[in-house]
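Colleague: Could you walk me through this one and tell me how each label is earned? I'm new to this, so plain words please.

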Amino acid sequence: SPPEEVEDASEPTKRDRSHLENTLKLNEEKPADDVSGVLQRLRKIYHSSIKPLEHSYRYNELRQHEITDGEITSKPMVLFLGPWSVGKSSMINYLLGLDNTPYQLYTGAEPTTSEFTVIMHGPKLKTIEGIVMAADSARSFSPLEKFGQNFLEKLIGIEVPHKLLERVTFVDTPGIIENRKQQERGYPFNDVCQWFIDRADLIFVVFDPTKLDVGLELEMLFRQLKGRESQIRIILNKADSLATQELMRVYGALFWSLAPLINVTEPPRVYVSSFWPHDYQPETHRDLFLKEEISLLEDLNQVIENRMENKIAFIRQHAIRVRIHALLVDRYLQTYKDKMTFFSDGELVFRDIVEDPDRFFIFKSILAKTNVSKFDLPNREAYKDFFGINPITSFKLLSQQCSYMGGCFLEKIEKAITRELPDLLGSIGLGKKPNVLSCDITGCGETPKNRYRKP
């Protein structure tokens, strides 16, 4: 009928996608860099040199972060966060060219995404229920089961046969709704966000220039992003919907409202553009928007290309923490054995030590060991809880954790930290950067959840 034809005529013109394909190298038929050999070696080092000590001293009970094989082999993850209806799903549709396909993510002016949607590579288009994703231990999502059935119903996977997804996984999150209480969602929204934040290699926080109110839920989110500043990229989306002068004001207002939430010396990178398939509005800064978009794509590419270095540095940082934990438990146990006499009450003796470890120089003696930075020492309060669950008598001294064939646990983890992991890094063409694993870069700070990622 004629009205439909008129509608077609006014359909906005589509933007040229060639810059997407060129920047992300989607058309290059180059052999994918063979990382499987490096990953196998990384897994082997982890299982033979780090995991035995981790298990023996129950490191997981201190940190609640177990490394699964799925996590070692997983692709880099890009997380999209931000208020509702700012264009997160449209941006993913645009990057993957999903518009007008049966698998495009729903978009609209009202809050549309109520699920955590994981977009990953697969041979053909299909959706996967959250319950199925969490049950598959080969995927890196099995730990999400701990958030309960209500959450798994809000988790969905989409497999798409797209070149970009061979190298990266996207996660779209429900928009932040400022006036809604967390319990109305029916699952621990902030905890789930934290799980994804801890594992993301790049975090896009998307804003709409017409809705810049920073409310409580968003403030909470920025608190959770502390320590991950180098992974955060702020996106001021839909920038072509404003006149230049207005856009400059909004840009200033955005910085003003975020400044108290991100207290770092270097502000995060802000990209100002319009990420969707339609052409930019006439009379707007097309060249600027296109340049901004290309630099965001280059950023994404960089993360993909640094994938192996990041993995190795992350496993090494984990090993450093496991080693320090083992040294501490060993020291607590040694102090306990020294203080015990035939007539002592074991519980009272140990309570003394746990209440005031400084009196027994427990933490100081660990610092005297080589290669331990004071910034790596865990919080002593954490050990009160740890020994509350794990009695000191259930552990063995490090000197007893040796076998004739397998060698000593401590020596093996030290060899992994000082030799094997740096050698593995050198084997992927990084021999020229000897300092890449130093503490200034890996940020071996006291916040144990932070994963090292290159800015």
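What follows is a chat about rings, a sheet, burial and a sulfur link in a predicted model.

Colleague: Let's start with the rings. What makes Phe80 and Phe170 an edge-to-face pair?

Modeller: Two values go into that label: a pair of aromatic rings is described by the distance of the centres and the angle of the planes. Ring centres have to lie within 6.5 Å to pair, and planes over 60 degrees apart count as edge-to-face. Phe80 and Phe170 have centres 5.5 Å apart and planes at 90 degrees, so the pair is edge-to-face.

Colleague: Where in the chain do Phe80 and Phe170 come from?

Modeller: From distant parts: Phe80 is in strand E1 (residues 77-81) and Phe170 is in strand E5 (residues 169-172), 90 residues apart. Phe80 is buried, and Phe170 is buried as well.

Colleague: What about Phe147 and Phe151, why are they called edge-to-face?

Modeller: Their planes make 80 degrees and their centres are 5.9 Å apart. The cut-offs are over 60 degrees and within 6.5 Å, so the label edge-to-face fits. Both Phe147 and Phe151 are buried. They also belong to one aromatic cluster, whose members include Tyr187, Phe189 and Trp195. The whole structure holds 18 aromatic pairs.

Colleague: How do you know that Arg58 sits over the ring of Phe395?

Modeller: The charged end of Arg58 is 4.8 Å from the ring centre, and the distance limit is within 6 Å. There is an angle condition too, within 35 degrees of the ring normal, and Arg58 is listed as sitting over the ring.

Colleague: On to the sheet. What makes E3 and E8 edge strands?

Modeller: The sheet is open, with 8 strands in the order E3-E4-E2-E5-E1-E6-E7-E8 and mixed pairing. Strand E3 (126-129) and strand E8 (269-272) each have a single partner strand, so one side of each is left without a neighbour in the sheet. From one strand to the next, the twist averages 20 degrees.

Colleague: How do you know that E7 and E8 are paired?

Modeller: Pairing needs at least two bridges, and 4 bridges join strand E7 (residues 232-236) to E8. The two run parallel, and Leu236 stands opposite Val272 in E8.

Colleague: Which helix lies across E7?

Modeller: Helix H6 (residues 88-96) does, and the strands under its path include E1 and E5. H6 runs at about 155 degrees to E5. Helix H9 (residues 189-199) packs on the sheet too, with a direction at about 145 degrees to that of E1.

Colleague: Why is Ile353 called buried?

Modeller: Buried means under 20% relative accessible area. Ile353 has 1% relative accessibility, so Ile353 counts as buried. This residue lies in helix H14 (residues 346-355), and its contacts include Tyr332, Phe360 and Ile362.

Colleague: Last one: what makes Cys402 and Cys408 a disulfide?

Modeller: The sulfur atoms have to be within 2.5 Å, and here the S to S distance is 2.0 Å. A search of the whole structure finds 1 disulfide. With 110 degrees about the S-S bond, the link is right-handed.

Colleague: Are Cys402 and Cys408 buried or partly exposed?

Modeller: Cys408 has 18% relative accessibility, so Cys408 counts as buried. Cys402 has 35%, which falls between the 20% and 50% limits, so Cys402 counts as partly exposed.

Definitions and conventions:
Residues are numbered from 1 along each chain as its sequence is written. This is a predicted model: local features need pLDDT of at least 70, side-chain atom pairs count only at pLDDT 80 or more; totals for chains, interfaces and linings use all residues. Side-chain values use heavy atoms; hydrogens and water are left out. Rings of Phe, Tyr and Trp (its six-membered ring) pair if their centres lie within 6.5 Å; planes under 30 degrees apart count as stacked, over 60 as edge-to-face and the rest as tilted. Buried means under 20% relative accessible area, exposed over 50%, partly exposed in between (1.4 Å probe, protein chains only). Contact means heavy atoms within 4.5 Å. Axes are lines fitted to C-alpha atoms, for helices over the stretch in contact, and angles run from 0 to 180 degrees between N-to-C directions. Lists of a residue's contacts leave out its neighbours within four places in sequence.
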